[in-house]
Amino acid sequence: MDVNPASEASEKEYVAPPVVRAEHAEGSFTRLIEQQTAKVPSHVFLFASLCSMAVSLGLELGGRDRPARFVGQWAAPLLVMGVYNKLVKTLGPR
């Protein structure tokens, strides 16, 4: 029987497989980073990204093209950090 995790009729709950191979296990430093990252609310990264876009727009309108592009490039990495933060909170350490 196929199980569609998106359907409400599916009663199976997803359980993450354990890490079997030692080279795929994460070190203590990675766990420490994930524990600290999980403490930061996810909306902080979204807000920081929107602020960088607004500052970039302000600099662009003020005629400072190079700083505007520099600050504008911060938006994507901040959003990626927010996605990583959400994944750490959702999936947790394995």
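Contact here means heavy atoms within 4.5 Å. By that yardstick, Ala75 touches Ser49, Ser52 and Met53, leaving aside residues up to four places away in sequence. This is a predicted model, where local features need pLDDT of at least 70, side-chain atom pairs count only at pLDDT 80 or more, and totals for chains, interfaces and linings use all residues. Numbering starts from 1 along each chain as its sequence is written, and side-chain values use heavy atoms, with hydrogens and water left out.

**Overall picture**
- The protein has four helices and zero strands, where helices (H or I, at least four residues) and strands (E, at least two) are DSSP runs numbered from the N terminus.
- Going along the sequence, the pattern reads α-α-α-α.
- Of the 94 residues in the protein, 16% are buried; buried means under 20% relative accessible area, exposed over 50%, and partly exposed in between (1.4 Å probe, protein chains only).
- About 7800 Å² of the protein is exposed, and carbon and sulfur atoms supply 64% of that; these areas come from the Shrake-Rupley method with a 1.4 Å probe, and for residues only the protein chains shown count as cover.
- Take the contacts with a separation of 6 or more: 64% of them are between residues 24 or more positions apart.

**H2 against H3**
- Helix H2 (residues 42–61) packs on helix H3 (residues 65–72) at an angle of about 170°, with the axes 8 Å apart.
- Axes are lines fitted to C-alpha atoms, for helices over the stretch in contact, and angles run from 0 to 180 degrees between N-to-C directions.
- H2 and H3 are therefore roughly antiparallel to each other, a label for angles over 145 degrees.
- On the H2 side the contact uses Ser52, Val55, Ser56, Leu59 and Glu60, while H3 brings Asp65, Pro67, Ala68, Val71 and Gly72.

**Ala75**
- Ala75 sits in helix H4 (residues 75–91).
- Ala75 counts as buried because its relative accessibility is 9%.
- Ala75 and Phe47 are 28 residues apart in sequence, and their C-alpha atoms are 9.9 Å apart in space.

**Nonpolar surface patch**
- Phe29, Leu32, Ile33 and Tyr84 make up a nonpolar patch on the surface, together offering about 390 Å² of accessible area.
- Patch residues have over 30% relative accessible area and no salt bridge, with nonpolar side chains (Val, Leu, Ile, Met, Phe, Trp, Tyr) joined within 5 Å and like charges within 9 Å.
- A salt bridge is a side-chain nitrogen of Lys or Arg within 4 Å of a carboxyl oxygen of Asp or Glu.
- Helix H1 (residues 28–37) gives the most to this patch, with three residues.
- Ile33 lies in H1 and counts as partly exposed because its relative accessibility is 36%.

Terms used:
Angles under 35 degrees count as roughly parallel, over 145 as roughly antiparallel, 65 to 115 as roughly perpendicular and the rest as oblique.
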